[in-house]
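Please walk through this structure from its aromatic side chains outward to the fold, the core and the charged pairs.

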Amino acid sequence: MVYTGRDPAERGQNAQPARVSAPILSRQPDAELPDHRDECRVCSAVRNHDEWNAAERGETPLQRADRAYGEILQEVRVAQTGVQILFAFLLALAFQARFGSTTNFQRDVYAVTLMLCAAATALLIAPAAFHRVVYRRRLKLHLVHAATRLALAGMVLLMLSLVSAVLLIVDVVFGAGPAVIMASGTFGWFFTWWFVLPAWSRVRHAGDSGPAGGE
């Protein structure tokens, strides 16, 4: 209801408040559907999922992108804790007195481990840097897509750096033979729980997501 602001006495005792009805928007039968031919590959890939989320969660595409990016950041924080501890250990290791007595193989493994850890750190921090660069450019969908790949690649490098670190430490303590066995077992353990189990669950329940690819 909308009043003109005049006193009721001036409008008369029986005057009724003016009513303004909101226009009802409806799509005409002959209205053209939106043309998605100009969409990029990323936007086109998530459009069906956005429709599913709108129906099941009541989320708009932007709300879904915000939620997805928040989830990625939480996952990255978990991985960053491990990579930061390992990176700090490796940086301090080179300044230990015993480091000068290491073999050429051990120094090579140390260098590889350090580079893998540094690369993992860069990829796990990359989503934050990516967000700053594209801030206020309306590229949230692209941000989520890139952050997902960066986080996954960072976790792969983190796994390899952990395996390499196990190889280095066990080789110093027990020798090359036990080091290779322990490093192989470590790789299989991490790879199983980090990648095989999620992939198996994804394949097993692929038919449960529906035609729209729901979560």
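**Aromatic rings, core and salt bridges**

Phe187, Phe190, Phe191, Trp194 and Phe195 are linked into a cluster by ring pairs. The model in view is a predicted one. A search of the whole structure turns up six aromatic pairs. One of them joins Phe187 and Phe191, whose rings are stacked, with 5.6 Å from centre to centre and 15 degrees between the planes. The assignment follows from the angle, because planes under 30 degrees apart count as stacked. Phe187 and Phe191 both belong to helix H6, which covers residues 176-204, and they are four residues apart, about one turn of the helix.

Phe191 also pairs with Phe195. Here the ring centres are 5.8 Å apart and the planes stand at 40 degrees, so this pair is tilted. An angle of 40 degrees falls in this class because stacked requires under 30 degrees and edge-to-face requires over 60. The spacing along the chain is again four residues, about one turn of the helix, with Phe191 and Phe195 both in helix H6.

How buried or exposed are these three rings' residues? Phe187 has a relative accessibility of 35% and therefore counts as partly exposed. Phe191, at 37%, is also partly exposed. Phe195 is at 17% and so counts as buried, because the cut-off for buried is under 20%.

Another contact involving an aromatic ring pairs it with a charged side chain. Arg132 lies over the face of Tyr135, at 4.5 Å from the ring centre.

Next comes the fold as a whole. The protein chain has six helices and zero strands, and its pattern along the sequence reads α-α-α-α-α-α. The chain has 215 residues, of which 27% count as buried. Its exposed area is about 15,200 Å², and carbon and sulfur atoms supply 62% of that area. Among contacts in the protein chain with a separation of 6 or more, 67% are between residues 24 or more positions apart.

The largest nonpolar core has 31 residues, and those touching the most other members are Ile72, Val83, Leu90, Tyr110 and Val144. Two or more residues of this core come from each of helix H3 (61-93), helix H4 (104-133), helix H5 (140-173) and H6. H5 gives the largest share, with 11 residues.

Leu90 offers a local view of the packing. Not counting residues up to four places away in sequence, Leu90 touches Tyr110, Thr113, Leu114 and Cys117. Tyr110, like Leu90, is among the core residues that touch the most other members.

Gln80 gives a second local view. Gln80 is located in helix H3. With a relative accessible area of 18%, Gln80 is buried, because that value is under the 20% cut-off. Leaving aside neighbours within four places in sequence, the contacts of Gln80 are Leu124 and Ile125.

The last topic is charge. Side chains of opposite charge can pair when their charged atoms come close. How many salt bridges does the structure hold? There are two.

In one of these salt bridges, the side chains of Lys140 and Asp66 meet at 2.5 Å, N to O. This pair links distant parts of the chain, since Lys140 is in helix H5 and Asp66 is in helix H3, 74 residues apart. Asp66 is partly exposed, with a relative accessible area of 37%. A C-alpha distance also connects this region: Asp66 and Leu141 are 75 residues apart in sequence and 9.0 Å apart in space, C-alpha to C-alpha.

Arg67 and Glu71 form a salt bridge in which the closest N and O atoms are 3.2 Å apart. Both residues lie in helix H3, four residues apart, about one turn of the helix. Arg67 has a relative accessible area of 18% and is therefore buried. Glu71, with a relative accessible area of 38%, is partly exposed.

Terms used. Residues numbered from 1 in each chain as written. Predicted model: local features only at pLDDT ≥ 70, side-chain atom pairs only at ≥ 80, totals over all residues. Heavy atoms only, no water. Phe/Tyr/Trp six-rings, centres within 6.5 Å; stacked < 30°, edge-to-face > 60°. Buried < 20%, exposed > 50% of the residue type's maximum accessible area, 1.4 Å probe, protein only. Lys NZ or Arg CZ within 6 Å of the ring centre and 35° of its normal. Contact = heavy atoms within 4.5 Å. Areas by Shrake-Rupley, 256 points an atom, 1.4 Å probe, with all protein chains shown as cover. Core = buried A, V, L, I, M, F, W, Y, C linked by side-chain atoms within 4.5 Å. Salt bridge = Lys/Arg side-chain N within 4 Å of Asp/Glu carboxyl O.
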